[in-house]
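Student: I have a structure to work through. Can we go over it by question and answer?

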Amino acid sequence: MELASALPDGWSVWSEEAGRAVVVYRPDVFDSEAFPPPCLPTLYLTKGSRGRRPGRPEPAPDDPWYVTLSLEPDVTADRRRFDDRKVAVEETVELARAFADGEFDYRSLYQVPRERYLDKLDELTGRGTNSTG
């Protein structure tokens, strides 16, 4: 499955290389003018840990694949682990779809919510502006 062609509307591939892909949600809206730059909803598909130890820039061949949704640096959904890239790509697409369709509860990730930001996500994903998620 090619990642870019399988993504739902609103998501686009920001960058893709052999061991990593970065997929972003609505960069036309979360463009760093109306919202701080770190507020761009981002899915990371990585071979091995994104925070590898210094001195080990490349993942080992047997490292697992990870899918991580980040709403900003300190607000991240649980990281999901996969042994196979194909399955990890499928999960990335499924998570992007659930997010775009308003099925993902991103509000629950916040201890101190950014109401204006979350209200905009609610509007874009069809969740309304109900702050209970």
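Tutor: The turns below take up a helix, aromatic rings and charged side chains in this predicted model.

Student: How far apart are the end C-alpha atoms of helix α2 (residues 85-100), and what span should its residues give?

Tutor: Helix α2 has 16 residues. At 1.5 Å a residue, the expected span is 22 Å. The end C-alpha atoms agree with that, because they too lie apart by 22 Å.

Student: At the start of α2, which side chain reaches the backbone nitrogen of K86?

Tutor: Look for a side-chain oxygen at the start of the helix. One comes to within 3.1 Å of the backbone nitrogen of K86. That oxygen belongs to D84.

Student: Which residue with positive phi follows α2?

Tutor: Go past the end of α2 and check phi. There phi is positive, near 80°. The residue is G102.

Student: Which residues of α2 are buried?

Tutor: The cut-off for buried is under 20% relative accessible area. In α2, the residues that meet it include A88, V89, E91, T92 and V93. The rest of the buried set is L95, A96, A98, F99 and A100.

Student: How many aromatic pairs are there?

Tutor: Ring centres must lie within 6.5 Å to pair. By that rule the count of aromatic pairs is nine.

Student: What kind of aromatic pair do F30 and Y117 form?

Tutor: Their ring centres are 5.4 Å apart. The planes stand at 80°, and over 60 counts as edge-to-face. So the F30 and Y117 pair is edge-to-face.

Student: How many residues apart in sequence are the parts that this pair ties together?

Tutor: F30 lies in the loop between β2 (20-25) and β3 (42-47). Y117 lies in helix α3 (residues 115-125). The pair therefore ties together parts whose separation in sequence, in residues, is 87.

Student: What is the angle between the planes of Y110 and Y117?

Tutor: Y110 and Y117 are both buried. Their rings form an edge-to-face pair, 6.5 Å centre to centre. The angle between the planes is 65°.

Student: Which residues do ring pairs link into a cluster?

Tutor: F99, a buried residue of α2, is one of them. The cluster is W11, Y25, F99, F104 and Y106.

Student: Which residue lies over the face of Y106?

Tutor: Y106 belongs to that ring cluster. At 5.0 Å from the Y106 ring centre lies R127.

Student: Is R107 buried or exposed, and which side chain does it contact?

Tutor: R107 is in the loop between α2 and α3. Its relative accessibility is 8%, so R107 counts as buried. Its side chain makes a polar contact at 2.6 Å with the side chain of D122.

Notes:
Residues numbered from 1 in each chain as written. Predicted model: local features only at pLDDT ≥ 70, side-chain atom pairs only at ≥ 80, totals over all residues. Heavy atoms only, no water. Helix = DSSP H or I, 4+ residues; strand = E, 2+ residues; numbered from the N terminus. Expected span 1.5 Å × (residues − 1). Buried < 20%, exposed > 50% of the residue type's maximum accessible area, 1.4 Å probe, protein only. Polar contact = N/O pair within 3.5 Å; in protein donor to acceptor, adjacent residues only side chain to side chain. Phe/Tyr/Trp six-rings, centres within 6.5 Å; stacked < 30°, edge-to-face > 60°. Lys NZ or Arg CZ within 6 Å of the ring centre and 35° of its normal.
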